[in-house]
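Here are a few exercises to work through with the structure open beside you. Try each task before you read its solution.

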Amino acid sequence: MNSMTQSPLLSRIKFREAGTLLGLILIGAVFAWQSDTFLTTPNIINILQQSSINACIALGMTLVIISGGIDLSVGPVAALSAVLGAAMLVAGVPVPLAILGALAVGVFCGFVNGALITWGGLQPFIVTLGGLSLYRALALIYTGGTPIFGLPDEFRALTNGSVLGVPNPVIVVAILAVLAWVILNKSPLGEYFMAVGGNPEAARIAGVPVTLTRQMAYMISGFMAAVAAMILIGRLGAAEPTLGTLWELDAIAAAAIGGASLMGGRGSIFGTLIGAIILGTLRNGLTLMNVQAFYQLLATGIIIIVAMLIDKLTSGKQG
Amino acid sequence: MQHFLKGALAASVFTLSMGMAQAQDLSPLNSDSEPDRMDWSELEAKFGPLPAPPAGTKVGGVSKTLANEYWRSLGQGYQNVATALGIEFVYQAAQSEGDQLGQLSIAENLISQGFNALLFSPQTDANLIPAVEAAAAAGIPVLNVNDAVIPSATQYVGNVQKGNGVNVANWFIANRPDGGKVAVIEGQPGVYAAGQRTAGFTETITAAGNFEVVASVPANWSREEAFNAAATILQQYPDLIGFYANNDGMALGVVEAVKAAGKQDQVAVFGTDGISDAYAAVRSGDLTGTVDSFPVLTGEIAMEVALRLMAGQDLPRVVATPQALITKENVETYATSDMAALRAALMAQ
Amino acid sequence: MTPRLSLTGIDKSYGSTQVLHGVSFAVQPGEVHGLLGENGAGKSTLLNVLSGVIRADAGVIEIDGKPVSIASPREATAAGIAMIHQELQQVPELSVAQNIFLGGALRRMGGLLVDRAAQEAEAQRLLAPLDPGIDVTAPVRTLRVAQRQIVEMAKALRANARIIAMDEPTSSLTPNEFERLVQVVAKLTAQGVSIIYVSHKMDEVFRLCRQATILRDGRRVGQVPIPETGVRQVIELMVGRELAKASHHGFATDKAVLTVQGLSRGRAVQDASFTLHAGEVLGIAGLVGAGRTELLRLIAGVDRADAGRILIEGQPVAAGPRARIRAGLGLVPEERKRDGIIRHRPITTNIGLPAMRRFSRLGLIRKGMLRNRSEDLMREVGLRPLDVSRAIGSFSGGNQQKAIIGRWLAADTRIFLFDEPTRGIDVGAKAEIYDLIERLAREGRAVIVVSSELTEVIRVSDRVLVMREGRISATLGPGEINEATIARAAIPAS
């Protein structure tokens with residue numbers, strides 16, 4: 001491990017991750033100075049809880065982006081798994097089965113996206129843009145546009161509970177993040193993601209199963225969307241077909257702040273997590289400072305652009 | 001589907017009551033039909049003058065988006081009362097109407113800041129539920145102010161959505177005794193307010209017998225979509241006599257379509273909300289009328305209800321806020337920025 | 001007579017590699033002048049200097065005896081120089097007239113609007129002497145390649161070009177179309193236009209040109225009159241007088257490891273059959289476009305064959321790169337950046353990609369094992385610097401090539417397919433790559449080397465296949481391999 005830190009590539013990524021973390025610390029310092037409540041334990045837990053859904057989506061998005069694609073359909077996929085999962089729960093399907101069912105819906109949507117992209121030969125942007133409307137429409141048609149209320153308490157307890165004061169959604173997303181990190185950095189699939197995103201033709205010639213790799217990225221993204229959906233409907237106690245609006249943009253923002261390159265081939269799970277927390281922190285801190293919504297939007301935009309500029313400057317060094 | 005939803009709603013009574021002490025015995029709220037209700041005009045008569053808030057009272061408000069005039073006006077109403085009584089007031093809104101999680105974060109962030117009461121106008125029926133539950137756990141009273149309805153809300157302040165449509169339907173019945181074909185431009189499908197407004201209009205006017213609702217299409221609160229829909233409907237039904245749009249933005253789109261078709265004299269157009277553009281259009285005669293729900297006044301009433309709750313008054317679950325059909329005849333009466341005069345005019349109604 | 005165009009002492013270097021060494025070159029008015037040389041001799045660089053795409057480091061360009069500065073394609077056009085590239089630079093959806101006036105449209109209404117009618121009339125006038133059959137309003141994509149070239153010439157005339165350089169203009173022409181081109185060239189030269197004609201096809205060169213300048217390794221070898229100088233002599237000038245000695249040790253056995261039977265894909269590869277033996281190095285020679293790279297990609301499973309099959313040690317192998325890799329094949333592609341390396345990833349993962357299963361346990365990569373194996377392999381092949389966790393993109397071309405070879409060594413590949421193994425690699429690393437190829441053969445692996453450099457093919461091969469227009473035109477055994485035999489089999493008789 002210590003010998004690896006000498007390598008310019010790895011240290012550059014680490015440098016990038018450290019930069020994201022430094023950004024978070026700076027933002028946190030400003031808020032801590034401006035607001036007394038910011039640095040309290042309940043508020044920090046609040047931030048983590050509020051960031052958990054975006055982080056969950058962004059983890060899947062990061063893998064898709066690294067593999068050279070994009071998934072714009074995450075919000076509607078989440079909505080579809082939410083309403084189908086909720087319908088199962090309300091109909092009395094045992095909770096673990098209903099959750100598995102909802103997750104399967106997400107994975108299936110990801111499979112459809114991936115199949116259209118790999119076997120259909122269509123562009124990821126277009127396919128998932130279509131999915132953005134398609135899955136939303138299915139969710140609306142299934143529910144007739146109205147929310148499904150009345151999720152069993154047994155299910156809600158899963159998302160509303162906590163362990164040692166840490167809310168369960170935060171723990172779930174943390175576990176998923178560790179898994180995603182292991183997949184990306186320790187498993188052949190992770191190498192395949194980076195190879196396919198970095199240079200698909202070279203990867204194919206080197207014997208990488210390109211089709212399967214892409215397929216997996218979208219299925220993981222669909223799975224993550226379904227997990228986020230379960231967390232959200234557990235917290236809300238209801239599943240709305242309109243849930244998940246604009247999630248794709250928040251997730252892309254978190255991944256980009258965390259150092260993922262939309263050209264593919266590069267990205268970091270740790271960076272994405274920090275990116276999601278930065279976005280959550282901004283929202284939390286600016287609300288505590290009673291900054292109006294329009295300026296919150298402005299701050300988010302500035303942070304994203306600054307992160308990209310820093311990225312450009314640091315990657316320029318590599319030549 | 002209907003059956004399924006009823007089951008779902010019934011089940012939600014059961015489950016929601018398990019977790020929340022405050023929500024015990026409460027049926028899921030339907031703000032239009034809840035029996036435990038009163039009209040805003042009776043507040044003073046039944047519960048006496050507004051009790052003075054203790055020093056250091058802090059109230060927070062969260063609404064949909066400040067990009068919409070309605071929510072800015074509502075905030076203005078909150079602020080009016082807060083300023084008059086020297087209360088600290090914080091007003092926040094999400095970044096856009098679709099931003100459900102963002103609004104939830106804002107609401108949750110406010111709970112940790114020691115407010116004495118919170119006024120929520122949620123994006124959807126469900127998106128603020130965790131904040132409502134957290135506030136209940138922290139013992140902070142929450143008011144659901146217009147227009148999405150949180151089923152577990154203990155206190156709702158807002159207008160009778162159905163009444164908007166009923167008011168317009170009654171105008172047609174009174175002013176177009178011969179009846180005829182009418183059309184509805186609906187808001188976003190699945191949104192409570194849109195559904196109730198449409199239902200109020202359609203049910204009332206159909207019951208009159210000589211009217212026919214020939215088209216009822218969603219235009220998603222969009223002026224442009226409403227323009228296109230209205231143009232199509234006018235082409236299909238050249239003898240149409242009126243439109244009801246679920247909000248003013250869409251109604252103004254319809255007005256443009258009617259003008260383009262040269263049918264201003266034949267087709268009456270009504271909106272809902274009473275935004276300033278609508279008032280101007282009513283004055284100029286382009287828009288036949290709108291149902292104003294007086295957002296500034298609604299905000300004032302909501303803040304007053306919050307203060308009464310803090311003082312321990314046991315108010316009904318729903319407090320209905322004023323609304324009135326604005327036409328060219330009465331537009332000047334209601335177009336006042338003097339809230340006291342407006343209150344008097346509405347009381348006299 | 002003052003030459004129409006003369007270049008004197010042109011130098012050009014890319015980094016430390018000098019690609020043009022004081023090249024001089026002159027063309028008379030109304031002359032068709034051949035510019036000949038092997039791939040990599042510097043023809044393209046010289047044309048790029050002439051057309052302002054790149055700037056020479058030193059040297060003088062004169063037109064009609066006056067020095068001119070050509071710093072950009074625009075200045076080249078202004079100086080009366082036009083280029084007709086092998087890949088025509090046209091917008092397929094626009095009409096013939098629009099393409100002719102691309103970038104310099106005729107205008108009316110004070111320059112606000114394009115005057116299409118005037119453009120079409122002028123295009124008609126320009127094309128009439130060349131090929132009156134071309135419809136100036138038709139989109140260019142509907143034209144045949146030969147017609148599209150004529151449109152390019154009309155465009156050159158419209159820019160008042162006095163010098164037109166044609167780079168391999170006939171590579172996709174039929175014999176009839178070539179005859180048409182000969183007539184058009186004759187009409188142009190009759191108008192005093194000078195033509196610089198770059199081609200591999202000797203018969204065409206001898207048909208069209210009266211003079212030819214020959215380049216080799218970035219130097220001018222000489223200018224020869226044609227047809228006074230014979231074909232054989234011209235080829236010898238191109239490839240170099242000193243015949244490369246095959247300092248070659250053979251390790252070939254008679255054990256067949258790869259059998260290719262009737263492999264075909266479109267016109268690119270037609271009915272290729274041959275057998276490769278353990279320990280053998282098989283060279284594949286031929287001109288650019290003869291189908292060598294395509295054949296290699298078919299064998300590697302990267303492209304799908306229309307017909308034919310391959311057997312490895314007697315067993316048929318399924319399609320697709322993964323099946324072929326499992327069966328023991330590995331492709332070292334020509335375009336390393338595009339087809340070989342994952343630029344941002346370290347040497348280790350670039351090596352480990354085809355053999356991830358080998359370097360994994362319980363679904364996780366054994367990074368330490370991968371690292372040790374990579375380091376061992378890279379030490380053997382002489383990676384410099386020997387730092388396998390550095391991104392491969394930060395290494396030189398030769399070192400990247402060593403890593404790609406290491407990739408297949410790590411995967412225990414038995415049949416190596418090299419496509420232009422030393423393209424873009426400096427001289428020192430070239431020798432190392434040759435040594436590696438020899439080592440592979442010594443270890444009993446089988447090797448195919450596609451190369452455009454005759455000296456390279458001669459140096460490394462036990463046998464040589466020569467390809468011409470998609471077919472294997474000759475198989476040269478030991479003792480038959482030299483420049484002349486290869487060139488004869490490679491150059492189309494037309």
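**Exercise 1. Find how many salt bridges cross the interface of domain 1 of chain B and domain 2 of chain B.**

Step 1: Start with the rule, which asks for a side-chain nitrogen of Lys or Arg within 4 Å of a carboxyl oxygen of Asp or Glu. Apply it across the interface of these two domains and you get zero salt bridges.

Step 2: Check what you're looking at. This is a predicted model, where local features need pLDDT of at least 70, side-chain atom pairs count only at pLDDT 80 or more, and totals for chains, interfaces and linings use all residues. Side-chain values use heavy atoms, with hydrogens and water left out, residues are numbered from 1 along each chain as its sequence is written, and chains are lettered from A and ligands numbered from 1 in the order in which they are written.

Step 3: Now locate the domains, whose bounds come from an automatic or database domain assignment. Domain 1 of chain B is 21-157 + 295-321, while domain 2 is 161-292.

Step 4: Try polar contacts instead (a pair of N or O atoms within 3.5 Å; within protein, one must be able to donate a hydrogen and the other to accept it, and residues adjacent in sequence count only if both atoms are side-chain atoms). Six residue pairs, both at pLDDT 80 or more, turn up between domain 1 of chain B and domain 2 of chain B.

**Exercise 2. What area is buried between domain 1 of chain B and domain 2 of chain B?**

Step 1: Buried area is the accessible area (1.4 Å probe) that two parts lose on being put together, summed over both. Here that comes to about 760 Å², with carbon and sulfur atoms giving 42%.

Step 2: See who supplies it. B:Asp32, B:Glu69 and B:Asp147 make up 55% of the area that domain 1 of chain B buries against domain 2 of chain B, more than any other three residues.

**Exercise 3. Which chains have the most contacts among the two pairs that touch?**

Step 1: Contact means heavy atoms within 4.5 Å. By that count, chains A and B have the most contacts, with 42 residues from chain B and 44 from chain A taking part.

Step 2: Rule out a pair. Chain B and chain C share no contact, and their closest C-alpha atoms lie 34 Å apart.

Step 3: Look at the bonding between chain B and chain A. Three salt bridges cross this interface, and A:Arg283 forms a salt bridge with B:Asp99, their closest N and O atoms being 2.8 Å apart. There are also 14 residue pairs in polar contact, both at pLDDT 80 or more.

Step 4: Add the area, about 3,400 Å² between chain B and chain A, of which carbon and sulfur atoms give 56%. On the chain B side, B:Gln95, B:Leu101 and B:Asn109 lose the most, together 18% of what that side buries.

**Exercise 4. Where in chain C does pLDDT stay under 50?**

Step 1: pLDDT is the predictor's confidence in each residue, from 0 to 100. It stays under 50 over residues 242-246 of chain C. Where pLDDT is low, the predicted coordinates should not be read in detail.

Step 2: Compare with the chain as a whole: the mean pLDDT of chain C is 87, and 95% of its residues reach 70 or more.

Step 3: Place the domains, with domain 1 of chain C at 5-239 and domain 2 at 256-490. Their C-alpha centres lie 36 Å apart.
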